[in-house]
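Grab a pencil and work through these exercises with the model open beside you. Each one has a task and then a solution in steps.

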Amino acid sequence: MQNYQPWYHGNITRSKAEDLLSKAARDGSFLIRDSESIQGAYALCVLYQNCVYTYRILPNEDKKLSVQASEGVPIRFFTMLPELVEAYYSPNMGLVTHLQYSVQREEEVDDEPESNNLPPQLPPRNFTANDVKDNDSKSFEQACKSLSDTYLMRLQHMDLSIITEEHQIAIQEYFRTSICLDAEQVQNGNPNLPGLKKLLFSICKTLNSEVSHILPALEIFHKTLDQQLSPGIGQFPKQISADSGQSVSFRLEQLTKLLYSIEDKAKNSVFESVGYDGGHRKSLIPLVTFEVKQESLGISTKMFLKVDVESGKLYFKKSKDGPEDKYFVHNKILQLVKSQKMHAKLVIVVETEKEKILRKEFVFDDTKKREGFCQLLQQMKNKHSEKPEPDMITVFVGTWNMGNAGPPHNISSWFQCKGQGKTRDDTADHIPHDFYVIGTQEDPLGEREWADTVKGVLRNITNISFKQVAIHTLWNIRIVVLAKPEHENRISHVFSDSVKTGIANTL
């Protein structure tokens, strides 16, 4: 009977195994699942260079297990799976790469029977009842001894000088005796591993004491930040830290969650107080002046158009440094008409104070200058409009093959780039887009780490805390969609999916 192991995933499908390994995204990651075609056999799945390699683990007549590896490699037999896995941590064993990182099982569904957590039994042989009992007992004792010897041997190669003598003795004692007692408990149906719990409590007793001091202070701070609590509430639910019976790992998990929650609540409170969720603490889009030509009665005259997005005004000036007395506010700018024959020409339709409609025709230096002017004017109208829906939205789409390397310290220029063709001019670089769709390939970062990086860069550039609409990862390929907070209530029914293509429909 095999002991519970984190790398053993039971009767999951091949596709599920490949998904788990793709999320691990490290060469040498591995797991073991039941064979889908041979009863009593297993499949060892190893990730190497974004490909999953599967090796059969077959039992012989004596219940010994062996791996079908490369030709020419001597076959080795093992009594139990842990012994086999331990051996294949060594290189040059016939696998594409040696085992390095075990992929943990996902959370089990609560209502599944506990027996589903255990590996399947090997096919029974024609023994009498007494023979089976004696053989099982001998096999179990041999397996326990092998397990104990394996870990004690591995411990000998560790640098134990970095830990206290008390902890050295406790760990050695666990591998020498307690691990076999835990194995016996598991065999009898108790998966709680009391010996391991005792060891962890011994090692973490100082940490446990520190957590007991830290958690109450953090909980009080957290409750103070919680905006859902009404002022004057004096009675709080029982604190997590007051329950000394909880395991250290559980309390550390609570501590971690609490710290994340405190950080989020504190940021939200500060951001909301200064209008950080779309409002502006300062003028983010500077005043921009365009030099244009205006033709009147066949005479070309130089003019200057000054756009003030923050105040919502468009100035018409005869000289760059001249007076700013002639201007039109955003709601008096009725229409922009782009000439199709002359790509640098633009007609601006405005309304005067006496409700007179004027058409003013200007020629810009080039098409990009005209596009930049139109973008700024549209941004100004959107910013000051009282309409419930925007007249126009813009989307930034970017893609980056990261080459399995982390991003440099500053990637702000990427989010301000102009692309090619009829796109924004330099003058519109400071305009935040409504949506950012970022695709990456060979991305070594985790989903949360990368999403936080992108949101942090956008926050520094735009002063806006963008909301995450969706993020989806397949192997090292990822796409993340972010939106301005003002559009959050317009988004619903978000779905994401991926299709594996390429070699054997896996890449």
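Two strands count as paired if DSSP finds at least two bridges between them. Helices (H or I, at least four residues) and strands (E, at least two) are DSSP runs, numbered from the N terminus. What you see is a predicted model, where local features need pLDDT of at least 70, side-chain atom pairs count only at pLDDT 80 or more, and totals for chains, interfaces and linings use all residues. Residues are numbered from 1 along each chain as its sequence is written, and side-chain values use heavy atoms, with hydrogens and water left out.

**Exercise 1. Get an overview of the chain.**

Task: work out how many helices and strands there are, and what share of the residues is buried.

Solution:
- Start with the elements: the chain has 10 helices and 16 strands.
- Now look at burial, where buried means under 20% relative accessible area, exposed over 50%, and partly exposed in between (1.4 Å probe, protein chains only). Of the 507 residues, 36% are buried.
- Finish with contacts, meaning heavy atoms within 4.5 Å. Among contacts with a separation of 6 or more, 54% join residues 24 or more positions apart.

**Exercise 2. Place strand S11 among its partners.**

Task: find which way S10 and S12 run relative to S11, and what bridges Leu-346 makes.

Solution:
- S10 (residues 333-338) pairs with S11 in the antiparallel sense, over 5 bridges. The two form a hairpin with 6 residues between them.
- On the other hand, S12 (residues 357-363) is also antiparallel to S11, joined by 7 bridges. This hairpin has 5 residues between its strands, and Glu-355 in the turn has a positive phi of about 60°.
- For Leu-346, Lys-338 stands opposite in S10, while the bridge partner in S12 is Phe-362.

**Exercise 3. Explain how enclosed S11 is.**

Task: are the residues of S11 buried or exposed, and which way do they point?

Solution:
- In a regular strand, side chains alternate between the two faces of the sheet.
- Lys-345, Val-347, Val-349 and Glu-351 point one way from S11, with Leu-346, Ile-348 and Val-350 pointing the other way.
- All 7 of the 7 residues in S11 (residues 345-351) are buried, so the strand is largely enclosed by the rest of the structure.

**Exercise 4. Trace the largest nonpolar core.**

Task: find which residues of the largest nonpolar core touch the most other members, and which element gives the most to it.

Solution:
- A nonpolar core is a set of buried Ala, Val, Leu, Ile, Met, Phe, Trp, Tyr and Cys residues joined through side-chain atoms within 4.5 Å.
- This core holds 23 residues, and Leu-305, Leu-314, Ile-348 and Phe-373 touch the most other members.
- Two or more residues each come from S6 (288-296), S7 (299-308), S8 (313-317), S11 and H8 (367-384). H8 gives the most, with 5 residues.
- Leaving aside residues up to four places away in sequence, Phe-373 touches Phe-290, Leu-305, Val-307, Leu-314, Leu-346, Ile-348 and Phe-364.
- There's also a second, separate core of 20 residues, including Ile-32, Leu-44, Val-46 and Ala-87.

**Exercise 5. Sort out the salt bridges.**

Task: find which parts of the chain are linked by the pairs Arg-154 with Glu-86, Lys-345 with Glu-361 and Arg-478 with Asp-443.

Solution:
- A salt bridge is a side-chain nitrogen of Lys or Arg within 4 Å of a carboxyl oxygen of Asp or Glu. The whole structure has 8 of them.
- Arg-154 and Glu-86 have their closest N and O atoms 1.8 Å apart. The pair links H3 (residues 129-156), home of Arg-154, to H2 (residues 81-87), home of Glu-86, across 68 residues.
- Lys-345 meets Glu-361 at 3.3 Å, N to O. Lys-345 sits in S11 and Glu-361 in S12, so this pair ties together parts 16 residues apart in sequence. Lys-345 is buried, at 18% relative accessible area, whereas Glu-361 is partly exposed at 35%.
- Arg-478 and Asp-443 come to 2.7 Å between their closest N and O atoms. Arg-478 is in S16, Asp-443 is in the loop between S14 (435-441) and H10 (447-462), and they are 35 residues apart. Both are buried.
- Lys-338, Arg-370 and Glu-371 are linked in a network of salt bridges.
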